[in-house]
Amino acid sequence: MRFGYGTNGFANHRLPDALAVIADLGYVGVALTLDHNHLDPFGPDLSQRTAEVGRLLARHDLAVVVETGARYVLDPLRKHEPTLLHDQGAEWRMSLLERAIEVAADLGAEAVSFWSGTLPADVSADLGWQRLVNGCRQLVGYAADRGVRLGLEPEPGMLVDDLAGYLKLQAEVGSETLGLTLDIGHLICNEPQPPAACVTAAAPHLVNVQIDDMRRGVHEHLEFGTGEVDFPSVFSALREIQYAGLVAVELPRHSHAAPTIARDSLAFLRRAAT
């Protein structure tokens, strides 16, 4: 397994320091969330700052996937909004995603991960779905032109919240550029099948894996060993499908003790993967 760590779990560190700690602990990659404190996608001189991040990644021999789930990068008052589903502001989300694709192309990232967003109260399910399909069709063209794979992440509570929703979307968009990001914790949270079975079912489309512990029916990212995920079976399934991408720790609420938790997480994952 190629283990990485999400920079959203190092929110209190400068990005160069976070990358150095992650690499020194023994991780081989990072899931880089574009945010105001870590490669702000709307700050000045994005291409120059991206190039500097690329040099840091090369110095530490870290692979990278690009994550787009920053909470308030678009709106300082509304978490994770606007999305592709909104009446107003969808173009801001599209701009963020296109910038993420450009960053990924410049960094040689393995994927760009994103999610559908939560259906706004004033938007019907049918209209929201069509907006998502249209937005994804635009994105896959933009990404394909730049040699970038996308990974749509089913997120509890969002319009696409499970593997079945992703498969429906992928069929309607009709492009293999729209791959799949699986968060292992989400699988135990709200999928009817065990996580290992979901991994097997996802095999043809899987481009990115996030990993954390979780409990059935509760969307709370937990430290490893404190939830209900059977990690050895998950790693066995990933090996069986010959998944070769990053498996990145996703603990966005644990920045207060990032170095310690990152160290302990890697030790746990290595034991579970043997």
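Modeller: Let us start with a word that we shall need often: a residue is buried if its relative accessible area is under 20%, exposed if over 50%, and partly exposed in between, calculated with a 1.4 Å probe on protein chains only. The structure above is a predicted model, in which local features need pLDDT of at least 70 and side-chain atom pairs count only at pLDDT 80 or more, while totals for chains, interfaces and linings use all residues. Residues are numbered from 1 along each chain as its sequence is written, and side-chain values use heavy atoms, with hydrogens and water left out.

Colleague: How many aromatic pairs are there?

Modeller: A pair of aromatic rings is described by the distance of the centres and the angle of the planes. Rings of Phe, Tyr and Trp (its six-membered ring) pair if their centres lie within 6.5 Å, and planes under 30 degrees apart count as stacked, over 60 as edge-to-face and the rest as tilted. The count here is 6 aromatic pairs. One of them joins Phe-3 and Phe-235, which are edge-to-face, with 5.7 Å from centre to centre and 75 degrees between the planes.

Colleague: Which parts does the pair of Phe-3 and Phe-235 tie together?

Modeller: Helices (H or I, at least four residues) and strands (E, at least two) are DSSP runs, numbered from the N terminus. Phe-3 belongs to strand β1 (residues 2-6) and Phe-235 to helix α8 (residues 231-240), so the pair ties together parts that are 232 residues apart in sequence. Phe-3 is buried, at a relative accessible area of 7%, and Phe-235 is buried as well, at 0%.

Colleague: Is the pair of Phe-224 and Phe-268 stacked or edge-to-face?

Modeller: The pair of Phe-224 and Phe-268 is stacked, because the ring centres are 5.6 Å apart and the planes stand at 20 degrees. This pair also links distant parts of the chain, since Phe-224 is in the loop between β9 (218-222) and α8, whereas Phe-268 is in helix α9 (residues 258-273), 44 residues apart. Phe-224 counts as buried, with 10% relative accessibility.

Colleague: In what order do the strands close into a barrel?

Modeller: Strands of a sheet pair through backbone hydrogen bonds, either parallel or antiparallel. In this model 8 strands close into a barrel in the order β1-β2-β3-β4-β5-β6-β7-β10, with parallel pairing (two strands pair if DSSP finds at least two bridges between them). To take one example, β1 and strand β2 (residues 29-33) run parallel and are joined by 3 bridges, and Gly-6 has Ala-31 in β2 as its bridge partner.

Colleague: Which strands does helix α4 lie across?

Modeller: Helix α4 (residues 125-145) lies across β4 (112-114), β5 (150-152) and β6 (178-183), and runs at about 155 degrees to β5. For such angles, axes are lines fitted to C-alpha atoms, for helices over the stretch in contact (heavy atoms within 4.5 Å), and angles run from 0 to 180 degrees between N-to-C directions.

Colleague: How many disulfides does the structure hold?

Modeller: A disulfide is a covalent bond between the sulfur atoms of two cysteines. The structure holds 0 disulfides, where the test is a pair of cysteine sulfur atoms within 2.5 Å. For Cys-189, the nearest cysteine sulfur is that of Cys-198, 12 Å away. Cys-189 counts as buried at 6% relative accessibility, and Cys-198 counts as buried at 1%.
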